[in-house]
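Thanks for sharing this one. Here is a colleague's note to read beside the coordinates, with a few points to check as you go.

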Amino acid sequence: MHPEISKFPLSRFYLGKVTDGSNVLQRDYERKLLAGPMYGPYSFIDIKGGTESSGEHDMSLSDAAEAAAVTRIVERLFNESVCSGQKLAVGVVSPYNAQVHAIQERLGRLECGAHGDGEGFSVKVRTVEGFQGTEEDVIVFSAVHSNGNGSVGLLADWRRTNVALTRAK
């Protein structure tokens, strides 16, 4: 993964005992997949108007505004990379099943229109546990939590946070 992404997990979770590979330290490793100042090796995006909610009989959380924002990011990645002939594997990770389902429903079928058939583009939407042991070119993480008390829910477990932060190439 990009050294700017790995910096925190390597120091916090691996106590400096793991280092970046030489291939990621080369200047040509950097790729800018989306234009704009908010998109870098990693970005934190505050979703205005988002609120967490749970179903009547389900403790799993979702946030419709955040699911919509994640969908727009994946659609931009699709249009700007695959439609220009690049191959790209995208992973969308959330700690909550309800959010995974909300994002899957919104994504539906991506279409490239006149620019191509979308071959070479893949998107996987899974929970943190579903991404253990795997990686993708790009990870979009959907935290869901939008509350006034600072609760991070399932991410309070550092192992989940580690998996969530270390899935991107």
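The numbered points below go from the overall layout to single residues and then to a pocket.

1. Overall layout. Please keep in mind that this is a predicted model. The chain contains four helices and five strands, and from the N terminus on their order is α-β-β-α-β-α-β-β-α. Of the 169 residues in the chain, 37% are buried. Among contacts with a separation of 6 or more, 76% are between residues 24 or more positions apart.

2. Helix H2, its length. Does the distance between the ends of H2 agree or disagree with the span expected for its residues? It agrees: helix H2 covers residues 64–81, and its 18 residues should span 26 Å at 1.5 Å a residue, while the C-alpha atoms at its ends lie 26 Å apart. At the start of this helix, a side-chain oxygen of Asp-63 comes to within 3.1 Å of the backbone nitrogen of Ala-65.

3. Helix H2, its surroundings. The buried residues here are Glu-66, Ala-67, Ala-68, Ala-69, Val-70, Thr-71, Ile-73, Val-74, Leu-77, Phe-78 and Ser-81. Their cover includes strands E3 (88–94), E4 (121–127) and E5 (138–141), along with helix H3 (97–107). Asn-79 also belongs to H2, but it counts as partly exposed because its relative accessible area is 40%, between the cut-offs of 20% and 50%. Between Asn-79 and Phe-121 there are 10.0 Å in space, C-alpha to C-alpha, and 42 residues in sequence.

4. Ser-94 and Gln-99. These two are worth viewing together, as Ser-94 is in contact with Gln-99. Ser-94 is part of strand E3, and Gln-99 is part of helix H3. Ser-94 has 1% relative accessibility and so counts as buried; Gln-99, at 0%, is buried too. Leaving aside neighbours within four places in sequence, the contacts of Ser-94 also include Val-100, Arg-126, Thr-127, Val-128 and Phe-141. With the same neighbours left out, Gln-99 touches Leu-61, Ser-62, Asp-63, Glu-66 and Ala-67, among others. Ser-142 and Val-144 appear in the contacts of Ser-94 and in those of Gln-99.

5. Phe-44. Is this residue buried or exposed? Phe-44 is exposed, since its relative accessible area of 76% is over the 50% cut-off. You will find it in the loop between H1 and strand E1 (53–54). Its C-alpha atom is separated by 9.4 Å from that of Phe-141, a residue 97 positions away along the chain.

6. Helix H4. In this helix, residues 158–165, the buried residues are Thr-161, Asn-162, Val-163 and Ala-164. Helix H1 (3–12) and strand E5 are included in what covers them. E5 is thus a element to look at twice, because the cover of the buried residues of H2 includes it as well.

7. The second largest pocket. How is its lining divided by residue type? There are six nonpolar, four polar and two charged residues. The pocket has a volume of about 180 Å³. Its lining includes Met-1, Ser-6, Pro-9, Leu-10, Tyr-14 and Val-18. Thr-19, Asp-20, Gly-21 and Val-24 also line the pocket, together with Thr-166 and Arg-167.

Note on methods:
Residues numbered from 1 in each chain as written. Predicted model: local features only at pLDDT ≥ 70, side-chain atom pairs only at ≥ 80, totals over all residues. Heavy atoms only, no water. Helix = DSSP H or I, 4+ residues; strand = E, 2+ residues; numbered from the N terminus. Expected span 1.5 Å × (residues − 1). Buried < 20%, exposed > 50% of the residue type's maximum accessible area, 1.4 Å probe, protein only. Contact = heavy atoms within 4.5 Å. Polar contact = N/O pair within 3.5 Å; in protein donor to acceptor, adjacent residues only side chain to side chain. 1 Å grid on protein atoms, 1.4 Å probe; cavity = no way out; pocket = protein on both sides within 12 Å on 5 of 7 lines; lining within 4 Å. Points joined across faces, edges and corners; volume = space filled by probe spheres on them. Nonpolar A, V, L, I, M, F, W, Y, C, P; charged D, E, K, R; others polar.
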